[in-house]
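Me: I should like to go through the reasoning behind the terms used for this structure. Please set each value against its definition.

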Amino acid sequence: MKNSFKKSNNVKVSYWDKKEFLDNKDIIIIGSGLVGLFTAYHIRKKFPKTKILVLERGVLPHGASTKNAGFACFGSPSEIFDDLKKIPEDTVWQTIAMRWNGLKKLRSILGDGNIGFEPVGGFECFDDKYEFLEMLEFSNLLNKKLKTFIGKNDVYDDYSVHLKDYGFGKIVGLIRNKYEAGIQTGRMMQSLLTLCREAGIEILNGITVEQIQECNDGVEVHTDFYHFKVPNVVIATNGFASAITGRKDVLPARAQVLITEKIKGLNWKGTFHMDKGYYYFRELDGRVLLGGGRNLDFKTETTTDFELTEKIQLKLEELLQRVILPRKKFRIEQRWAGIMGVGPEKKPIIEWHSERVLIAVRMGGMGVAIGSVVGEMAAEKLKERL
Ligand SMILES: Cc1cc2nc3c(=O)[nH]c(=O)nc-3n(C[C@H](O)[C@H](O)[C@H](O)COP(=O)(O)OP(=O)(O)OC[C@H]3O[C@@H](n4cnc5c(N)ncnc54)[C@H](O)[C@@H]3O)c2cc1C
């Protein structure tokens, strides 16, 4: 018999690996962040027999979904005011409604206990009296407007009389959004992963998709571990999407964060925004978590690199000392960064990238809020193919 041995790329796998773990899937979802997992969950609900495989390059999800600040938020006045200057009005209201509905869905699918939901309110802090008064007037208009979109006309109120309770420095006005909340990001992702696994969704970690190639009868998914072939693919890699798609309408945006050690006598709660949402902080487990500052250096922060920079970290520390904890001693316990996906429009892309490849990316700073509905919309689009 002639020797048929040839060197191949797939030497790492056995017959059993191929049969049970790798081959014969109906769909591959790339990325196990909120969007990838919610897409998998909604596909499972709509098409119970579909064999779904999620490929994640990290040991843990390694983008934004386990790195974020855990704000269940849908819009602070200055952020919305700013959006209305740049974005068509309809899109602004639709996006707020999407965030509102997404948060409701997140809570109903996973349950408040499983996401550590704490209805502590969202607050916008102002260090300029005139801006505060302008935004207060605008928030009254917003209350009327939002009745149409989310069915509430009492979202915002002036909370400045309570400022002394927080002990912030330099802050002259506070507007509350009473329906915003804090969540425990890690617990939310653990719960979502458990839900998916219990629903029979297979998730393989530590596999990087390097290239996808569509052919007549399916999509070849080339990874650093194995070459898969499936009828359909969903790309849910958000800020990393351009690497495998070449798309220019979703760009990486690094967001840096720090958290203090436990602080004695920290007696306030809440999720806070400053400066059109470019800075955000909250109480978390007796500590302060603070993030933001991307606007100091947009160019450098347009990256998929998780490195921290001195410029932004020093600014965060300065803000912490001067404004948030002016009379308190604190030590920084940990710092990290996450990568978001942003673009020229502040709305997600959920569309067919090609005949058999769907893309669901560009969550900006609102993926906690909209991830569940984006996943549902992606699953709905797959209806015609599954
Ligand atoms: C610091 C920070 C604070 C934030 N705060 C909030 C907040 O308070 N509220 C809010 O609503 N939103 C917030 N966001 C935004 C929110 O976290 C994101 O919008 C959301 O997590 C995006 O989810 P995703 O699934 O689209 O992307 P991701 O969570 O980034 O998931 C994409 C996944 O794809 C994987 N991947 C990438 N490339 C490949 C590849 N080639 N092969 C295999 N896998 C790959 C990545 O490892 C990653 O796990 C914040 C983000 C950051 C970074």
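Me: Why is helix H4 called oblique to helix H6?

Reply: Helix H4 (residues 89–110) and helix H6 (residues 129–150) pack at an angle of about 60°, their axes lying 10 Å apart. Angles under 35 degrees count as roughly parallel, over 145 as roughly antiparallel, 65 to 115 as roughly perpendicular and the rest as oblique; H4 is therefore oblique to H6. Axes are lines fitted to C-alpha atoms, for helices over the stretch in contact, and angles run from 0 to 180 degrees between N-to-C directions. This is a predicted model, in which local features need pLDDT of at least 70, side-chain atom pairs count only at pLDDT 80 or more, and totals for chains, interfaces and linings use all residues. Residues are numbered from 1 along each chain as its sequence is written.

Me: Which residues make the contact between H4 and H6, and how do they divide into nonpolar, polar and charged?

Reply: H4 contributes Trp-93, Ile-96, Ala-97 and Trp-100, and H6 contributes Leu-146, Phe-149 and Ile-150 (contact: C-beta atoms, placed from the backbone, within 7 Å). They divide into 7 nonpolar, no polar and no charged, since Ala, Val, Leu, Ile, Met, Phe, Trp, Tyr, Cys and Pro count as nonpolar, Asp, Glu, Lys and Arg as charged, and the others, Gly among them, as polar.

Me: What makes S12 and S19 a pair?

Reply: Strands pair if DSSP finds at least two bridges between them; strand S12 (residues 232–235) and strand S19 (residues 357–361) have 3 bridges, in the parallel sense. Val-233 stands opposite Val-357 in S19. Strands (E, at least two residues) and helices (H or I, at least four) are DSSP runs, numbered from the N terminus.

Conventions:
Two residues are in contact if their C-beta atoms, placed from the backbone, lie within 7 Å.
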